[in-house]
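Reader: I've got a model open and I'd like to go through one part of it slowly with you. Could you start with the overall picture and then zoom in?

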Amino acid sequence: MRVARRIEALPPYLFAELDRKLEAKRAAGVDVISLGVGDPDLPTPPHIVRAMKEALDDPTTHRYPTYHGTVEFRSAVAEWYRRRFGVELDPEAEVVSLIGSKEGLAHLPVAFIDPGDEALVADPGYPVYGTSVTLAGGTPVPLPMPAEDGFLPDLDRAPVSERTRYVVLNFPGNPTGAVADLDLFARAVEFARAHDLLLVHDAAYTEITYDGYVAPSVLQAPGAKDVAIEFHSLSKHHNMTGWRIGFAVGNADAVRALGRVKTNIDSGVFTAIQRAAVAALTGPQDHIEELRAVYRRRRDLVVGTFERLGWSLKPPLGAIYVWLPVPEGHTSASFADLLLDEAGVFVAPGSGYGANGEGYVRLSLTVPDDRLEEAMARVTRALGG
């Protein structure tokens, strides 16, 4: 039996590899505190859970769902965008449901990449941006996000070719926590228009921001719907990672193309989950400010710990991570190994997020406060603080 060459060309998925390493340590009896994966530790808000329970009792939800999302869900998304960003969306043509934003991002190249085509992907960035292009037979081309530029792209120096089909951005950024303003998005829209590209924005972390910063949508930029599609998820700001629901919005042709791929691959999102998502989008939002306060407190603990150990850090304004430069003499992998072996603290090596991620590790803030405090105490002892 021979697997396809596209599979052989894929690197191991970063988080699957991290899971294996973590489980090996735990099997050896080590009490590992994992700061590796950004999976919220706080529960889904009760009103969303109640909506799900009620939907489960309705037998009409037990059948195949609609392919593109229920009218109620797509309308709730459009209303949330109007309320949150001031962006008007047509629920029929400019919104499609996703089985989590990762699924949509992974299927996007099937709609836009032919063998030999290229896509510009943020580097450092979420690994799925590049591996999905490879799976579609294309070539992911790194779009550098230099530290000296605040982990923002220099679009004037972007490596565009005649084979480039789209460009992927992500703000607030994973893994860096970098944030963008509307001016950057306006320049990205003009860049995409000038090069006849689709502009893809992963907006999964727009609601997790700090210190007065409010994240914009790329669709707020003038003319954005002519060239842009934006991916969103309920995972992070409603603590729904396991529920697997998200959505893509924006350019009607791009939404239609992605929807066409999905109708041939999956059968949509479980209707009961869509009803819960409607409750999330239209119901009380108080928990989001409380969530920001929790992550802000955790961010400050991590940043403060490493500053006392000699690091000079700028606290991130968005997302749920601290992007930490490694000490001189270390690679991202060797420093991650040191923290695991000496402190029992598990972090993600930056090399897994692209070539420009080398020299950093990513610490997730999604562990209970007491465990994060213990992790920082262990790190302090291990590093001689």
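How much accessible surface does the protein have, and what share of it belongs to carbon and sulfur atoms? After that, please take a close look at helix H6 and tell me what covers its buried residues.

Author: The accessible surface comes to about 16400 Å², with 52% belonging to carbon and sulfur atoms; areas are from Shrake-Rupley with a 1.4 Å probe, and for residues only the protein chains shown count as cover. Keep in mind that this is a predicted model, where local features need pLDDT of at least 70 and side-chain atom pairs count only at pLDDT 80 or more, while totals for chains, interfaces and linings use all residues. Residues are numbered from 1 along each chain as its sequence is written, and side-chain values use heavy atoms, leaving out hydrogens and water.

Of the 385 residues, 55% are buried, meaning under 20% relative accessible area (over 50% is exposed, in between is partly exposed; 1.4 Å probe, protein chains only). There are twelve helices and twelve strands, taken as DSSP runs numbered from the N terminus (H or I, at least four residues; E, at least two).

Now for H6, residues 128-135: six of its eight residues are buried, namely Val128, Tyr129, Gly130, Thr131, Ser132 and Val133. Their cover includes helix H5 (101-112) and strands E3 (118-123), E4 (139-144), E5 (164-170) and E6 (198-202). Just past the helix, Gly137 has a positive phi of about 90 degrees.

Those four strands belong to an open, mixed sheet of seven, ordered E2-E8-E7-E6-E5-E3-E4; strands pair if DSSP finds at least two bridges between them. E4 is one of the edge strands, the other being E2 (95-98), and each pairs on one side only. Neighbouring strands are turned by 25 degrees against each other on average, direction ignored. H5 also packs on this sheet: it touches E2, E5, E6, E7 and E8, and its direction makes about 155 degrees with that of E7. Contact here is heavy atoms within 4.5 Å, and angles run from 0 to 180 degrees between N-to-C directions of lines fitted to C-alpha atoms, for helices over the stretch in contact. Helix H7 (182-194) packs on the sheet too, touching E3, E5 and E6, at about 145 degrees to E6.

One more residue for your list is Leu199, which has contacts with Val167, Leu169, Ala188, Val189 and Ala192, among others. Along with Tyr81 and Leu219, Leu199 has the most contacts inside the largest nonpolar core, a set of 63 residues. Such a core is made of buried Ala, Val, Leu, Ile, Met, Phe, Trp, Tyr and Cys residues joined through side-chain atoms within 4.5 Å.

Conventions
Lists of a residue's contacts leave out its neighbours within four places in sequence.
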